[in-house]
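Student: I'd like to take a close look at one part of this structure, along with what surrounds it. Please walk me through it slowly, since I'm new to this.

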Amino acid sequence: MFKRKAVFLLALAFVLALGSSVGAGPKKIVVGFAQVGAESGWRTANTESIISEAKKRGIELMFVDGQQQQANQIKAIRSFIEQKVDIIGFSPVVTTGWEQVLREAKRAQIPVILTDRAVDCEDESLWVTLIGSDFVEEGRRAARWLVEKMNGQANIVELQGTIGSAPTIDRKKGFEEVIAAYPGMKIIRSKYGDFTRSKGKEVMEEFLRAEGNKIDALFAHNDDMAIGAIQAIEYYGLRPGVDIIIVSIDAIRAAFEAMIEGKLNCTVECNPLLGPLFFDAVEAIMAGRPVPKRIVIEEGIFPQEVARDVLPTRRY
Ligand code: GZL
């Protein structure tokens, strides 16, 4: 009698457990994302793409703004591990210093996806894929356009992005690789502007005080710093886009507006709309499908002449 009752209770418990999971439908994917910060128009568009795509796909997203501090991103990743998310995504503010926390994620068997920026780690098994632009090619495109515009002859000042970040390292690498073949193209001043408008303005003021009318061209690693520099150039009494030719990277809306005003001469596209590619990778990993180690997003280049026609088509 007792045996029959025990079997009945066990069966009842099994049916109840099954019922509770059956009624709930498929388990919701939970993703933790640690963003660089909110330093530029590009970053705002990138954040919006990730948040809106999660919503569209019904994926639960824990989103943390790292305020351009690596410590904040590491703290966020650790909290995602504690909360046992299904997948961790992040855009590393700088390339180094990630091994420890990525090993913790690996030990917790939580796959990691890199978006936008790369990490410099020996052990490539610490992340599944890197989704984003080819920054070296972006630097080459900026240089090729400037060489042609300046007929191979210019004193150039360079506003670099965040020190130690992949886009800064690689855009500089690509730009210098191209101008190395043109002795007349010289970088006479170069300094970090951290990808922000305010710092771009401040550093351009320094360049102008030091070199003034000797400056023929500005290469800015992003549009936000170029827009800050435009203000500094005007305040100094020169005409941005005329006295100083300006090429930058990102192709945000404000860059097209500056080109239409004749104050910026060219912007190289760096596509921030990574949300769909990121969540394609999330869903592939959850379904056990293979994901390429590197996913490069297609991009173009926009000189001043096309700005008015192209602006209405821009999505960020
Ligand atoms: C590039 C991205 C850079 C942008 C900047 O993919 O990491 O960071 O060029 C942004 O605007 O701040």
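Tutor: Happy to! Let's begin with a term: two strands pair if DSSP finds at least two bridges between them. Keep in mind, too, that this is a predicted model.

Our part is strand β3, which covers residues 87-90. Look at how its side chains alternate: I87 and G89 point one way, while I88 and F90 point the other way. Every one of these four residues is buried.

Now find the strands that pair with β3. Strand β1, residues 30-35, runs parallel to β3 and is joined to it by 4 bridges. Across from G89 of β3 you will find F33. Strand β4, residues 112-115, is also parallel to β3, and here 3 bridges make the link. F90 has L114 in β4 as its bridge partner.

How does the chain get from β3 to β4? It passes through helix α4, residues 99-107, and this β-α-β crossover is right-handed. After α4 comes the loop that leads to β4, and Q109 sits in that loop. The phi of Q109 is near 55 degrees, which is a positive value in a residue other than glycine. Is Q109 buried or exposed? Exposed means over 50% relative accessible area. Q109 has a relative accessible area of 71%, so Q109 is exposed.

Let's return to F90 and follow its ring. The ring centres of F90 and W98 are 4.9 Å apart and their planes meet at 55 degrees, so this pair is tilted. The label follows from the cut-offs, because planes under 30 degrees apart count as stacked and those over 60 as edge-to-face, with the rest called tilted. The limit for buried is under 20% relative accessible area. F90 has a relative accessible area of 0%, so F90 is buried. The value for W98 is 0% as well, so W98 is buried. In total, 6 aromatic pairs are counted.

F33, which we met opposite G89, has ring partners too: ring pairs link F33, F63, F278 and F279 into a cluster. F33 and F279 also appear around L61, a residue of strand β2, residues 60-65. Setting aside residues up to four places away in sequence, L61 touches V31, F33, I50, I51, A54 and F279. One of these, I51, is 10 residues from L61 along the chain, and their C-alpha atoms are separated by 7.4 Å. With a relative accessible area of 23%, L61 is partly exposed, because that class lies between under 20% and over 50%.

Next, let's see where the nonpolar residues gather. W98 and L114, both of which we have already met, are among the 26 residues of one core, as are L126 and L130. That core lies apart from the largest nonpolar core, which has 56 residues. In the largest core, L146, M204, L218 and I244 touch the most other members. This core draws at least three residues from each of domain 1 (30-133 + 272-297) and domain 2 (135-270).

L218 takes us to strand β8, residues 217-220, which is a useful strand to set beside β3. A217 and F219 point one way from β8, L218 and A220 point the other way, and all are buried. Strand β6, residues 154-160, pairs with β8 in the parallel sense over 4 bridges, and V157 stands opposite L218. On to strand β9, residues 245-250: β8 pairs with β9 in the parallel sense over 3 bridges, and L218 stands opposite I246. From β8 the chain crosses through helix α8, residues 223-236, to β9, and this β-α-β crossover is right-handed.

Finally, step back to the whole chain. Its secondary structure comes to 11 helices and 12 strands, and of its 316 residues, 53% count as buried.

Methods: Residues are numbered from 1 along each chain as its sequence is written. This is a predicted model: local features need pLDDT of at least 70, side-chain atom pairs count only at pLDDT 80 or more; totals for chains, interfaces and linings use all residues. Side-chain values use heavy atoms; hydrogens and water are left out. A nonpolar core is a set of buried Ala, Val, Leu, Ile, Met, Phe, Trp, Tyr and Cys residues joined through side-chain atoms within 4.5 Å. Buried means under 20% relative accessible area, exposed over 50%, partly exposed in between (1.4 Å probe, protein chains only). Domain bounds come from an automatic or database domain assignment. Helices (H or I, at least four residues) and strands (E, at least two) are DSSP runs, numbered from the N terminus. A crossover is right-handed if, with the strands pointing away from the viewer, the path from the first strand over the helix to the second runs clockwise. Rings of Phe, Tyr and Trp (its six-membered ring) pair if their centres lie within 6.5 Å; planes under 30 degrees apart count as stacked, over 60 as edge-to-face and the rest as tilted. Contact means heavy atoms within 4.5 Å.
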